[in-house]
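This report addresses the interior, the ligand surroundings and selected helices and loops of one protein. Please keep the sequence and the model at hand while reading.

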Amino acid sequence: MTLVQELRDLLGDERVLSDPLRTHVYGKDAGIRRGEVLAVVLPASTAEVVALVGIAARHGIPVVPRGAGTGLAGGTVPTSPSLVVSLTKMTHFDVDVESRSAWVEAGVLNLDLSEHAAGHGLHFAPDPSSQAACTIGGNVANNSGGPHCLAEGTTVNHVLAVEVVTARGEVVVLGGEAPDPIGLDLRGIVVGSEGTLGIVTRALVKLTPNPPAARTLLADFARVEDAAATVSGVIAGGIVPAALEMMDRLMTTAVERFVGAGFPTDAAAVLLAEVTGHPAAVEAEADLIRAVAESNGAGRVRVAADEGERALLWKGRKAAFGAVAQTAPDYYLHDAVVPRTRLVEVMAKVYEIADRFDLAMMNVFHAGDGNLHPLMAFDASQDGVMDRVQTAADELVEVCVAAGGALSGEHGIGLEKRDLMPLVFSQADLDAQARLAEAFDPDGLFNPEKVLPAGSRCFDLGRPVPAGTWI
Ligand SMILES: Cc1cc2nc3c(=O)[nH]c(=O)nc-3n(C[C@H](O)[C@H](O)[C@H](O)COP(=O)(O)OP(=O)(O)OC[C@H]3O[C@@H](n4cnc5c(N)ncnc54)[C@H](O)[C@@H]3O)c2cc1C
């Protein structure tokens with residue numbers, strides 16, 4: 001029986017897509033690469049995922065897990081004709097108010113969970129700017145962050161357990177409700193594994209109480225360096241705000257055209273800071289942030305007057321990438337991290353690279369944790385532009401790594417940065433990671449050719465490797 005026929009027998013015609021017109025969109029995520037899809041399946045339960053994995057393994061077809069496809073590193077882009085398993089039909093969740101946690105199926109949208117939990121005074125703390133579209137499965141797989149992860153930490157800090165379907169078709173639950181479980185933290189290994197170790201079907205996530213008070217400040221600066229210095233100054237001053245985001249003029253201009261959030265477009269950069277907690281504490285912290293900003297040359301410092309103004313400022317921040325579409329038809333967004341204390345010098349190099357390659361470089365980023373997102377807006381139909389974009393992107397990564405940074409703050413390595421991994425990991429580090437991946441998935445069934453550089457894993461060698469052999 002053909003692969004597609006077997007899949008149809010299991011799921012019916014509606015939940016198996018094989019017509020290229022319908023599968024085309026699954027060959028891409030929100031990044032710039034495209035791959036080849038053999039078929040797309042839309043399981044509705046863990047049992048169906050188990051059966052699908054069995055069919056794919058029997059046919060020797062790679063399996064690419066997929067959430068909403070908002071990833072920016074090519075993580076869900078197939079590198080060879082593959083079975084794409086889209087989890088978007090698995091949307092059930094149960095909130096346990098007493099334990100402040102929820103068992104959530106992989107296809108639940110991040111914002112749906114927080115909006116539902118709001119009725120109980122709770123929310124899911126990781127809040128990627130894509131939260132209206134991205135799935136909890138994708139958040140877990142990418143260990144996603146968001147503006148409010150500065151004080152609360154990224155997804156890994158909010159996942160107690162994961163249910164995973166392995167390459168052998170077993171269903172395992174890693175982690176659990178109990179704090180500080182003994183043994184190796186396999187839950188922590190699966191979070192951030194980008195679909196290479198198994199398919200996450202459900203997660204037990206922590207829910208965080210909504211803060212009793214919040215103050216949101218917008219400070220503008222005539223020099224980007226002064227905004228960057230304010231970021232270091234705030235943290236050095238002893239405050240870790242709930243969020244501390246920076247946008248430069250090209251970006252605020254695009255956002256204002258798109259949303260009209262009230263960002264000044266005459267400033268070189270703005271900082272959007274938020275402090276949350278007890279009302280008295282937030283007033284004191286907001287005053288301190290204002291003082292640090294002013295001592296670093298801030299022009300205006302405005303505190304959102306009410307919830308409506310606060311929501312509008314965040315709407316503007318979270319719409320930033322969407323706003324770029326009005327500037328140019330294509331964009332390439334980088335995600336790297338530098339130590340906060342090196343922000344000033346690294347930002348200067350980012351703009352120098354933009355000038356040298358004649359690219360519109362727009363910046364919007366989680367400045368508080370040093371997570372840069374230089375975004376190059378361009379028109380891919382122009383001759384030679386892709387070469388300039390790629391070379392500039394590689395230089396950006398090198399600059400960040402040379403400043404003591406990391407390859408990715410939150411978007412993952414995926415396809416896009418796998419060959420840059422040797423910049424930060426030795427061969428011994430990479431071998432250890434390959435062995436770990438092989439322990440979960442010896443035949444490279446799940447999301448092959450992602451994260452680790454070409455040639456890292458046994459199946460990359462293009463020949464069968466006897467069981468138990470390490471490379
Ligand atoms: C406008 C915009 C704003 C963004 N803002 C942020 C931000 O602030 N912070 C941030 O961290 N990211 C951000 N992102 C990136 C992206 O939204 C996140 O990485 C998100 O978590 C991806 O979720 P997804 O459901 O779209 O996953 P996909 O893109 O479908 O997949 C991402 C990766 O996860 C794997 N995967 C997906 N589901 C599963 C599963 N159930 N089991 C195993 N593996 C799985 C895939 O194979 C792939 O490797 C943004 C993206 C866009 C387009």
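The sections below proceed from the core and the ligand shell to two helices and then to individual residues.

## Nature of the model and its core

The structure is a predicted model. Its largest nonpolar core comprises 132 residues, and within this core V85, V162, A203 and L271 touch the most other members. In soluble globular proteins, nonpolar side chains tend to be buried together.

The surroundings of A203 illustrate the packing. When neighbours within four places in sequence are set aside, A203 is in contact with V104, I136, V140, V159, A161 and V162. V162 is thus a contact of A203, and both belong to the group of core residues that touch the most other members.

## The shell around the ligand

The ligand is surrounded by 37 residues, of which G67, G75, G137, G138 and G195 are the closest. Two or more residues of this shell are supplied by each of β3 (63-66), α5 (136-142) and β10 (199-206). The largest share, five residues, comes from α5.

By chemical character, the shell divides into 20 polar, 13 nonpolar and four charged residues.

## Helix α14

Helix α14 covers residues 385-402, 18 residues in total. At 1.5 Å a residue, a span of 26 Å is expected, and the end C-alpha atoms are indeed 26 Å apart, so the two values agree. The buried residues of α14 are V389, A392, A393, L396, V397, V399 and C400. They cover an arc of only 160° around the axis and therefore lie on the same side of α14. An α-helix has 3.6 residues a turn, so residues three or four places apart point the same way.

The cover over the buried residues of α14 includes the strands β16 (330-333), β17 (336-337), β19 (371-372) and β20 (374-378), together with helix α13 (343-356). M386 also belongs to α14; it counts as partly exposed because 15 C-beta neighbours lie inside 10 Å. M386 and V41 are 345 residues apart in sequence and 33 Å apart in space, C-alpha to C-alpha. After α14 comes G404, which has a positive phi near 90°.

## Helix α15

Helix α15 (427-440) has 14 residues, which at 1.5 Å a residue should span 20 Å; the distance between its end C-alpha atoms is 20 Å, so expectation and model agree. A434, A437 and F440 are its buried residues. Their arc around the axis is only 115°, which means that they are on the same side of α15.

The face turned away from this buried side carries the exposed residues A428, A432 and A439.

## Residues with positive phi

Most residues other than glycine have a negative phi. Two residues depart from this pattern. N143, which is not a glycine, has a positive phi near 45° and is placed in the loop between α5 and α6 (149-152). N143 is buried, because 23 other C-beta atoms lie within 10 Å.

V451 likewise is not a glycine, yet its phi is positive, about 70°. Its place is in the segment after α15. With 25 other C-beta atoms within 10 Å, V451 is buried.

## Contacts between distant parts of the sequence

R342 is located in the loop between β17 and α13. R342 has 19 other C-beta atoms within 10 Å and is therefore partly exposed, the threshold for a buried residue being 20 or more. Although R342 and A403 are 61 residues apart in sequence, their C-alpha atoms are 6.8 Å apart. Not counting residues up to four places away in sequence, R342 touches A403 and G404. G404 is the residue with positive phi that follows α14.

P212 occupies the loop between β11 (208-209) and β12 (213-221). P212 counts as exposed, because 12 C-beta neighbours lie inside 10 Å and the exposed class extends to 12 or fewer. P212 and P279 are separated by 67 residues in sequence and by 7.0 Å in space, C-alpha to C-alpha. Apart from neighbours within four places in sequence, P212 is in contact with H278 and P279.

Definitions and conventions
Residues numbered from 1 in each chain as written. Predicted model: local features only at pLDDT ≥ 70, side-chain atom pairs only at ≥ 80, totals over all residues. Core = buried A, V, L, I, M, F, W, Y, C linked by C-beta atoms within 7 Å. Contact = placed C-beta atoms within 7 Å. Near = placed C-beta within 6 Å. Helix = DSSP H or I, 4+ residues; strand = E, 2+ residues; numbered from the N terminus. Nonpolar A, V, L, I, M, F, W, Y, C, P; charged D, E, K, R; others polar. Expected span 1.5 Å × (residues − 1). Arc of directions from axis to C-beta.
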